[in-house]
Amino acid sequence: MTDRTKFQPALAFSLAVLLPVLFFSRRIAGAELNPIYPVLWTLFTALTAFFIIYTGRVSFYRRIFFSGLAVSFLVHFKLSLLSKVFASSCFKDTPYCHIAIAPSFFNYLYQQYLALMSGDWRLWGPLTLAFLWLFFTLVIGRAWCSWACFYGGIDDGLSALPKKALVRSGFPAGWFRDFPAALLIFLLLVSLAYMLPVYCLWLCPLKMTSAFLDSGDAFVRKIQLALMLFALAVLFIGPLLTKKRTFCSFLCPFGAWQAFWGRINPFRVIVDNEKCAACAACLDSCPMYAIKAGREGKPEIAAYCNLCGECLPSCRRGGLRFSVFGIKIRDARTGFGRLLDPESFFVFCALVTAGTFGALFAPAALKDIADLLRRIL
Amino acid sequence: MLSILSEGFVLGLSTGFYCLTSCLPVLVPYLLSEGGKAWKINFSIFLEFLSGRFIAYFLFAVVSVLIGRTYNPYLPDWAAPLAMALTALAMLSSLIFCRSAAAGGVCAPPVSPFFKRIPLALGFMTGINVCPPFVAAFVRLAGMADMTAGLFYFTGFFTATSIFLLPAIAPTPFLNERLKVIGRMTLAIAGVWYLLLGITGLIGL
């Protein structure tokens, strides 16, 4: 029997997500693809929205959507390496990688300075990129890493596969958790020094599948390859061993960047100390090592939290919740009133953003899969 | 001589950005790691670093003029990669041997008295790495072949390029223990990076 007090709000919510995502997906992918593919992608996004509101399980359905987004990226841009059968049918160029924004930021500033000096500033990309990044940061902030990033989708999906962690890895939650911040400072400076995207050249695991940009000598290339293989292992094997998002937590400079700038975004996960029993269940559940034990063992949420919502169901007393600017708002759990609480508002922003970003490659991936099936059958 | 001094200064002003890119990856991690909340500590590190650069620049001024006179090749090929490797070792040894200067610790790896002044050594070794503005200054000095003029020229050049490094001490008043740990990790990464580049450069000779 369908619960109408849940069904109707969930349907209304999914429609609210569907309309903007459909509009943007058609605009982005409609020119090159049969309209059915952006529509399918939009329906997938809207279904995710529906089930999140209908069941109240944010992270579970988010993860399905998020992993789907990451898999579609791999299908469309990376599987062609295995066989020509997987060659992408359209959109041959990968979208500009958001991770490169952070470590190459000074380079962009310098390029924009040159553009301004040349008088042709409007012809240059960095300023456009900066506006896009600022817009997404204002809309979802740190949540980009748990809702829209294709690296994060791989890491997050894999971390959910093992039932138990084979390697207990609580120790990095301390000072080593700041390693991406150190990596970011180093990369900002050294990228500027060499006027090169050093992260992409030396550490990006997905760059391995493309051509090397520089013509360094054989020794340097071997080191680059070794580092990329290491990063690939951290991305694919780390989550399977630890049940944590190891790449996002320790090797992603964009994560550190977004943790810093994400403060300007209003959405937060907050702890209700009155409900908290200091059981530490949320510490174990956080895949990002973003929760640590504070006073009297009660959880403190670090800036690295990217609002995946994984900790929410781990607290049996409901002591964790989404919030706007950390303000406690009494939220309705049933009926249409639920659509006005911070959680629904946040999920709406996150899904519309991720759905629109995914339209750059997910509909194309659906077409690739359809083409492949047609060829096989 | 004033015109020579100002010529060096103008060259430094116009090309100082390159100095910033070669010196900041060394200076910033060190400042984050060993600086303190007090401007005095940070500024003394900064000045020591600049002194190292100044010594290196003077050395260059002398060498450039001598080249102008004798047409001998100036620094040997191994000097820059070796300096890079030594910079890396100085950075890594400071990590191993230094306790925070702000906490009253002493930064003295037991290598040589020179290395007891880590920022000075870092400044010197980044100073002898040849960058495009240096080449421009070198060509001018080799043409002049005048020792006094050369020293004036590089003084102007050094002063102007140092201005570009000033932003490095701007974030240091916000230093706390957590940021210092991040600074040490950055220093370690930068140390390994320069060591790698130095070794690669030496192997490739």
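1. Axes here are lines fitted to C-alpha atoms, for helices over the stretch in contact, and angles run from 0 to 180 degrees between N-to-C directions. Helices (H or I, at least four residues) and strands (E, at least two) are DSSP runs, numbered from the N terminus.

2. This is a predicted model: local features need pLDDT of at least 70, side-chain atom pairs count only at pLDDT 80 or more, and totals for chains, interfaces and linings use all residues. Residues are numbered from 1 along each chain as its sequence is written, while chains are lettered from A and ligands numbered from 1 in the order in which they are written.

3. Take the helix pair in chain A. The axes of α1(A) (residues 4-29) and α14(A) (residues 342-358) come within 9 Å and cross at roughly 25 degrees. That makes the two helices roughly parallel (angles under 35 degrees count as such, over 145 as roughly antiparallel, 65 to 115 as roughly perpendicular and the rest as oblique). The crossing is right-handed: the near helix is turned clockwise from the far one by less than a right angle, whereas anticlockwise would be left-handed.

4. Which residues of α1(A) meet α14(A)? They are A:Phe13, A:Ala16, A:Val17, A:Pro20, A:Val21 and A:Phe24. Contact means C-beta atoms, placed from the backbone, within 7 Å. By class, this contact has nine nonpolar, three polar and no charged residues. Ala, Val, Leu, Ile, Met, Phe, Trp, Tyr, Cys and Pro count as nonpolar, Asp, Glu, Lys and Arg as charged, and the others, Gly among them, as polar.

5. Now chain A as a whole. Chain A has 15 helices and four strands. Its radius of gyration is 21 Å, close to the 21 Å that the globule rule gives for 377 residues, so chain A is as compact as a globular protein of that length. The radius is taken over C-alpha atoms, and the rule is 2.2 Å times the number of residues to the power 0.38.

6. Two residues of chain A deserve a look. A:Lys243 has a positive phi of about 60 degrees although it is not a glycine. A:Lys243 is buried, with 23 other C-beta atoms within 10 Å. A:Glu296 also is not a glycine, and has a positive phi of about 55 degrees. A:Glu296 is exposed, with 8 such atoms within 10 Å. Buried means 20 or more other C-beta atoms within 10 Å, exposed 12 or fewer, and partly exposed in between, with C-beta atoms placed from the backbone.

7. Last, the chain contact. It takes 18 residues from chain B and 16 residues from chain A. On the chain B side, α7(B) gives the most, with 11 residues.

Methods: Contact = placed C-beta atoms within 7 Å.
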